[in-house]
Amino acid sequence: MPPFDSLPLHDAVLTAIEVDWAAGTCLLRLATSAAVDPQAGSRELRFDGIQRLEVPRTMPWGRSSQINDTTSDGGVFCFEMQSGDTIKLTAT
């Protein structure tokens with residue numbers, strides 16, 4: 001798997017977030033665009049050892065389920081949505 005920050009996720013559509021509380025995992029289901037991802041289609045990102053998950057949905061920039069940008073720093077993974085919200089998760 002390539003490093004998180006190099007994944008072609010700009011304009012990917014976030015379709016679902018699934019948390020398995022007992023296992024401590026989080027699964028993000030995405031649909032990626034052929035414009036940025038040569039293997040476009042459905043993708044899943046799995047995070048293990050979830051310690052924190054923030055999923056605001058206030059949409060200050062308007063309604064959107066597409067990812068604008070992603071970053072990571074020391075086990076904190078951020079998904080800036082095109083709605084203006086930032087989904088943050090802390091995982092191993």
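**Reading a core, two backbone angles and two cysteines**

Reader: Which residues does phenylalanine 79 touch, if I leave aside those up to four places away in sequence?

Author: In this predicted model, phenylalanine 79 touches Phe4, Leu9, Leu28, Leu45, Phe47, Ile67, Asp69, Thr70, Asp85, Thr86, Ile87 and Leu89, once residues up to four places away in sequence are set aside.

Reader: How should I read such a list, and which residues have the most contacts inside the largest nonpolar core?

Author: The general idea is that nonpolar side chains tend to be buried together in soluble globular proteins. Here the largest nonpolar core has 17 residues, and those with the most contacts inside it are Leu9, Leu28, Leu45, Phe47, Phe79 and Leu89. At least two residues of this core come from each of strand S2 (25–32), strand S3 (41–47), strand S6 (76–81) and strand S7 (86–90).

Reader: Where does threonine 70, one of the residues that phenylalanine 79 touches, lie, and is threonine 70 buried or exposed?

Author: Threonine 70 lies in strand S5, and because its relative accessibility is 10%, below the 20% cut-off, threonine 70 counts as buried. Not counting residues up to four places away in sequence, threonine 70 touches Phe4, Asp5, Leu9, Cys78 and Phe79.

Reader: Cysteine 78 appears in that list, so how many disulfides are there?

Author: To answer, one looks at the distance between cysteine sulfur atoms, which for a disulfide must be within 2.5 Å. By this rule the count is 0, and cysteine 26 is in no disulfide, with the nearest cysteine sulfur, that of cysteine 78, 13 Å away.

Reader: Why is the sulfur of cysteine 78 not in a bond, and are the two cysteines, 26 and 78, buried or exposed?

Author: The closest cysteine sulfur to that of cysteine 78 is in cysteine 26, and because the distance is 13 Å, it is too far for a bond. Cysteine 26 is buried, with a relative accessible area of 1%, and cysteine 78 is buried as well, with a value of 15%.

Reader: What is the phi of aspartate 11, and what is that of methionine 59?

Author: When reading phi, one looks at its sign and at the kind of residue. Aspartate 11, which is not a glycine, has a positive phi near 70 degrees, and methionine 59, also not a glycine, has a positive phi of about 55 degrees.

Reader: Where are aspartate 11 and methionine 59 found, and how accessible are they?

Author: Aspartate 11 is found in the segment before strand S1 (13–20) and is partly exposed, with a relative accessible area of 28%. Methionine 59 has its place in the loop between strand S4 (52–54) and strand S5 (67–73), and at 18% relative accessibility methionine 59 counts as buried.

Key
Residues numbered from 1 in each chain as written. Predicted model: local features only at pLDDT ≥ 70, side-chain atom pairs only at ≥ 80, totals over all residues. Heavy atoms only, no water. Core = buried A, V, L, I, M, F, W, Y, C linked by side-chain atoms within 4.5 Å. Buried < 20%, exposed > 50% of the residue type's maximum accessible area, 1.4 Å probe, protein only. Helix = DSSP H or I, 4+ residues; strand = E, 2+ residues; numbered from the N terminus. Contact = heavy atoms within 4.5 Å.
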